[in-house]
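Let's take a walk through this protein together, starting with the overall picture and then going into its gaps and a couple of its loops. Have the structure open as you read.

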Amino acid sequence: MPETPDLAATARSHTVGIIGGGIGGLIVAWECAKVGMAVTVWDAATIGGMTRRVAVGGSNVDIAASTIERGAAVDEVLAAFGLTDQLVTAATTSRWLMQRTPVALPASPALGIPANPFTPDVTGVIGWGAAWRAYLDRLKPVLTIGNAESLGELVRQRMGAKICDKLVAPQTRAQLHLDPEDVLIDVALPELNGALTRAGSLSGGVGLMDVTAPPLSLDAGLGALTSALRARIEELGGVVHEHAPVSGVQPTETGWAVTSIPANTDAVDEQSTETHVQHLVLATDARAAHALLVPLLPSLPADVSAEQTVVVLAVTGVTGTRGAGLYARDASDTVQRIDHVTAQWPHVASDAGHDFFRVTLTGHGVGDAVELAATAISEAYGASAVVVDAVVERFVRAQSRAARTHADRTSAIRTQISALPQLDAVGAWVAGDSVRDVITDAMATAEVIRRRALFSV
């Protein structure tokens, strides 16, 4: 094994280019920079991606991702930046269903599947007829082995269509961006199959599951982590370029050539710059990654990401709360989700007394997004929401790791990428769209890059 001084010199001789400055790309950049590797990050927009904060109504609010799940990799990163003590717990987890008169969704540890279909909060949504149909789950043949794969298929077979369509589907679409039939049980609800085996029924199994812990965030928002990562990368000598889209990548004899457009230019012309790096990491969204890779890998699996528009608003005139927010009834609804930020996270305060909301709309071509969002809030709360300030952002939403097709797609993508030398991929487009999954995957990928550079493995 090489001596430590030799390893340090070897690390300093290696260059790493990261395309995409979201949480995944920043984790890889930090992990490589801290051992001495020369790191360059390019982002087509603003560093932080879906985990950054935006200024609205005099406060900083998370633009999209606002919760984080604990895990070994997450805990390691939070501890490294002194953020563990800044974890805060959501003040409310209750959700409501958007309809003419919004109704509270029943609490459930299993994405809306009830343990008892006869409770008032369940019958208030599905009616008594559907509750009796759901009760047949207890009378059907005993489930001796829980090995169901699709959540939707299991719920429809055991408890009926209305439980699936009115209770489960709003939760899976809002939280996982998937229809119930596309949800892989062992990923989304890893306890469920074992619990229903022990109970012999689906509702009984849900009754055995632990109550879902309230979501966690950071006192200053998840954007505090991406800000800290960027600062540390630059302290370690890394270079971070914002508003510098990469227009092309090509393998070379020694690594990769990266063609980028410097900030303040809008065309690939003589102002474009070419940078040579030994190791290249794609940390973009799926659309950008496919645009760069398809010329090199024509048979890359098709992009399955979806477009969405997020509006963060500071409003007055709204009283009361619908808990953490509201979910759409149907997949075709333009307004898919309303998050009442200040109800869920009271520490996101406004000196002027504004309420903060985050409204998620399907697609990019949604007309006046602010007006649509304000109207949706007004209808949901029965009061006229007066917009004080608003920020509109458009994102490409990655597929959840809980999607039935995700594992096979990711495996195929990474198999193809491995055919290209010294190329890796991180971010939600391959890791899944939860912050924990992205961080865990990025930490593992950074270790692969370091071992390849330092030990030629």
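**A walk through the fold**

Of the 457 residues in this protein, 53% count as buried. Keep in mind as you look around that this is a predicted model. Its secondary structure adds up to 16 helices and 19 strands. The radius of gyration is 23 Å, close to the 23 Å that the globule rule gives for 457 residues, so the protein is as compact as a globular protein of that length. If you boxed in the C-alpha atoms along the principal axes, you'd need a box of roughly 70 × 55 × 40 Å.

How does the chain touch itself? Take the contacts between residues at least 6 apart in sequence: 69% of them join residues at least 24 apart. On the outside, the accessible surface comes to about 19,300 Å², and carbon and sulfur atoms account for 52% of that.

Now for the empty spaces. Rolling a probe the size of a water molecule over the atoms shows where empty space is left. Here the structure holds one cavity of 30 Å³ or more, and the largest cavity has a volume of about 50 Å³. Around it you'll find Ala 286, Asp 303, Val 304, Ser 305, Ala 398, Gln 399, Arg 409 and Trp 429. That lining is a mix of four nonpolar, two polar and two charged residues.

Next, look for the second largest pocket, with a volume of about 260 Å³. It has 14 lining residues, and Met 98, Gln 99, Val 335, Ala 376 and Glu 379 lie nearest its centre. Strand E16 (335–340) and helix H13 (369–381) are the elements that give two or more residues to this lining. H13 gives the most, with five residues. Sorted by class, the pocket's lining has seven nonpolar, three polar and four charged residues.

Finally, let's visit two loops and check the backbone. Most residues other than glycine have a negative phi. Leu 111, though, has a positive phi, near 50 degrees. You'll find Leu 111 in the loop between strand E7 (103–104) and helix H4 (120–135). His 243 isn't a glycine either, yet has a positive phi of about 50 degrees; look for His 243 in the loop between strand E9 (239–241) and strand E10 (246–251).

Are these two residues buried or partly exposed? Leu 111 has 10% relative accessibility, so Leu 111 counts as buried. His 243, with a relative accessible area of 42%, is partly exposed.

Methods. Residues numbered from 1 in each chain as written. Predicted model: local features only at pLDDT ≥ 70, side-chain atom pairs only at ≥ 80, totals over all residues. Heavy atoms only, no water. 1 Å grid on protein atoms, 1.4 Å probe; cavity = no way out; pocket = protein on both sides within 12 Å on 5 of 7 lines; lining within 4 Å. Points joined across faces, edges and corners; volume = space filled by probe spheres on them. Nonpolar A, V, L, I, M, F, W, Y, C, P; charged D, E, K, R; others polar. Helix = DSSP H or I, 4+ residues; strand = E, 2+ residues; numbered from the N terminus. Rg over C-alpha atoms; globule rule 2.2 N^0.38 Å. Buried < 20%, exposed > 50% of the residue type's maximum accessible area, 1.4 Å probe, protein only. Contact = heavy atoms within 4.5 Å. Areas by Shrake-Rupley, 256 points an atom, 1.4 Å probe, with all protein chains shown as cover.
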